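Student: I have a model open and would like to learn how to read its helix packing. Could you walk me through it?

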Amino acid sequence: MAFLLNMQRISKLALAGALCVGFAAAAAPARAAAFAPSEATDDAPRRVAIVIDDFGNAMDGTKEMLELPVPITVAVMPFLPTTKRDAEAAHRAGHEVIVHLPMEPVRGKRSWLGPGAITTDLSDMEIRNRVAAAIDDVPHARGVNNHMGSKATADARVMRIVMEVCRERGLYYLDSRTSPRSKAPEEAERFGVPLISNDLFLDDTYTSAHVYKQLRMLERKLERQSDSIVIGHVGPPGRITSAALRAAIPRLQRDARFVRVSELLPLPEPLWRW
């Protein structure tokens, strides 16, 4: 009960810490990934995938994000009060659903992660079981991305197990890039898991001016590369980010098409049928 009552406050603190680490990582040169965006050419269609993290706890901006007039990818945390409701609502609205897997950060309290978190002190079997359980808890999931995870994603053993489960289930992995030392690209390549990386956090600072600045940065990225992925959040910045996106979408649509993350990737068949 204490966890549920404090989740909104905890999410604000955790999001601030995660985004500070994540923005620094995203601003650094990208590591080689299994599937990197191609260089833009005059005749290449530009594509943008908007990912919105932190669904699953009736956070601010949930309704507004789901009502955006373009397809988005909705990252839903497992085992929370509205996990299934948010995933089902996103699916009905034509959006893509992925598992927003809570993973251990370098800094911050484990209690910020919520239930079922992936931490580096767990055994191989426990990590496998937790990843599988998280996937099972989020209906319609097509992929996985990390919630926080600056420590866990830099651990090759942890990411090997995460990628094993993703490969078995036929899921892709979106590296949120909360660590410049992420082992996700090399482990994904090892197991043949389609992987793509975040290009830009929209709302690491909770102001309209900052979100609009990040959207202008997205426009500049689209001049150099044909595909871009950006991550925003429900919760403390949710209403700000959703309003900025709604205002920016018509302008961005002049030069780019909005897609789900899976549309940027070749997806494998799952090894196991459930």
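The dialogue below goes from the whole chain to a run of packed helices.

Student: Before the details, what should I keep in mind, and how many helices and strands does the protein chain have?

Tutor: Keep in mind that this is a predicted model. The protein chain has nine helices and nine strands. Of its 274 residues, 56% are buried.

Student: What share of the contacts with a separation of 6 or more comes from residues 24 or more positions apart?

Tutor: Such residues account for 78% of those contacts in the protein chain. As for the outside, the accessible surface comes to about 11500 Å², and carbon and sulfur atoms hold 53% of that.

Student: Now the helices. How are two packed helices described?

Tutor: The general idea is to give the angle between the two axes and the distance between them. Take helix α5, residues 124-137, with α6: their axes lie 9 Å apart at an angle of about 45°. Angles from 35 to 65 degrees count as oblique, and α5 and α6 are therefore oblique to each other. Their crossing is right-handed.

Student: Which residues of α5 and α6 make the contact?

Tutor: On the α5 side, they are Asp124, Ile127, Arg128, Val131, Ala132, Ile135 and Asp136. From α6 come Arg157, Val158, Arg160, Ile161, Val162, Glu164, Val165, Glu168 and Arg169. Sorted by class, this contact has eight nonpolar and eight charged residues, with no polar ones.

Student: Why do the numbers in such lists often step by three or four?

Tutor: An α-helix has 3.6 residues a turn, so residues three or four places apart point the same way. In α5, Ile127, Val131 and Ile135 are among the contact residues, and you can look for that spacing there.

Student: And how do α6 and α7 pack?

Tutor: Here the angle is about 40°, with the axes 9 Å apart. α6 and α7 are therefore oblique to each other, and the crossing is right-handed. α6 brings Ala156, Met159, Arg160, Met163, Glu164 and Arg167, while α7 brings Ala184, Glu187, Ala188 and Phe191. By class, that makes six nonpolar, four charged and no polar residues.

Student: Which residues of α7 are buried, and what covers them?

Tutor: In α7, residues 184-191, the buried ones are Ala184, Pro185, Glu187 and Ala188. Their cover includes α6 (156-169), β5 (172-175) and β6 (195-197).

Student: What happens just after α7?

Tutor: Gly192 follows, with a positive phi of about 70°.

Methods. Residues numbered from 1 in each chain as written. Predicted model: local features only at pLDDT ≥ 70, side-chain atom pairs only at ≥ 80, totals over all residues. Heavy atoms only, no water. Buried < 20%, exposed > 50% of the residue type's maximum accessible area, 1.4 Å probe, protein only. Helix = DSSP H or I, 4+ residues; strand = E, 2+ residues; numbered from the N terminus. Contact = heavy atoms within 4.5 Å. Axes fitted to C-alpha atoms, helices over the stretch in contact; angles between N-to-C directions. Parallel < 35°, antiparallel > 145°, perpendicular 65-115°, else oblique. Left-handed = near helix turned anticlockwise from the far one by under 90°. Nonpolar A, V, L, I, M, F, W, Y, C, P; charged D, E, K, R; others polar. Areas by Shrake-Rupley, 256 points an atom, 1.4 Å probe, with all protein chains shown as cover.
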